[in-house]
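Visitor: I am new to this structure and should be grateful for a close look at a single part of it. Could you take the salt bridges as the subject and explain how they are arranged?

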Amino acid sequence: EEGATVMLRSAHGRRSSWLSAREDGSVSCVDTEADWWEQWVPHRYQEAGGQVKLALRSVAHGTWLSVTDEGHITQADMRSSWEEFHVVLLGSRAGLQRVA
């Protein structure tokens, strides 16, 4: 199930940063205003046991947010289990839903 485009902001530290897909295939955090590079399309999946998983596709590149064996965040051309994340709801604050 594909959802509406989202932008992911880190609430870590004094400044918030946007998760950004770079043209070189890397993923970074930027402190500037969010733009096209910071937009992601969520794809929601539900396992047979009922657990919800989420995959995020970059609007700018059509690639999938991924994690390597070493734990580095990157982009992948094709979606596999490395590009699926478990969703943990943390509640809302200031009208925004927080998830991890």
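Guide: What follows is an account of the salt bridges, with a few words on the surroundings. The model is a predicted one.

The structure holds four salt bridges. In general, side chains of opposite charge can pair when their charged atoms come close. Here, Glu47, Lys53, Arg79 and Glu84 are linked in a network of salt bridges, and this network is best followed from one residue to the next.

Let us begin with lysine 53. This residue has a relative accessibility of 16%, and because buried means under 20%, lysine 53 counts as buried. Lysine 53 forms a salt bridge with glutamate 47, in which the closest N and O atoms are 2.9 Å apart. Glutamate 47, for its part, counts as partly exposed, at 34% relative accessibility.

Lysine 53 also meets the side chain of glutamate 84 in a salt bridge, with a distance of 3.7 Å from N to O. This pair links distant parts of the chain: lysine 53 belongs to strand S6, whereas glutamate 84 lies in the loop between strand S8 (73-76) and strand S9 (85-86), and the two are 31 residues apart. Glutamate 84 has a relative accessible area of 23% and is therefore partly exposed.

From glutamate 84 the network continues to arginine 79, as the side chains of these two residues meet in a salt bridge of 2.8 Å, N to O. Arginine 79 is partly exposed, with 35% relative accessibility. Arginine 79 has a further partner of another kind: it lies over the face of tryptophan 64, at 5.7 Å from the ring centre.

A neighbour of this tryptophan in the sequence, threonine 63, deserves attention as well. Threonine 63 is found in the loop between strand S6 (52-58) and strand S7 (64-67). With a relative accessibility of 10%, threonine 63 counts as buried. Its side chain makes a polar contact of 2.4 Å with the side chain of glutamine 75. Leaving aside residues up to four places away in sequence, threonine 63 touches Leu56, Arg57, Ser58, Gln75, Ala76 and Asp77.

To return to the subject of the request, the path may be restated briefly. Glutamate 47 pairs with lysine 53, lysine 53 pairs with glutamate 84, and glutamate 84 pairs with arginine 79.

Note on methods
Residues are numbered from 1 along each chain as its sequence is written. This is a predicted model: local features need pLDDT of at least 70, side-chain atom pairs count only at pLDDT 80 or more; totals for chains, interfaces and linings use all residues. Side-chain values use heavy atoms; hydrogens and water are left out. Helices (H or I, at least four residues) and strands (E, at least two) are DSSP runs, numbered from the N terminus. Buried means under 20% relative accessible area, exposed over 50%, partly exposed in between (1.4 Å probe, protein chains only). A polar contact is a pair of N or O atoms within 3.5 Å; within protein, one must be able to donate a hydrogen and the other to accept it, and residues adjacent in sequence count only if both atoms are side-chain atoms. Contact means heavy atoms within 4.5 Å. A charge sits over a ring if NZ of Lys or CZ of Arg is within 6 Å of the ring centre and within 35 degrees of the ring normal.
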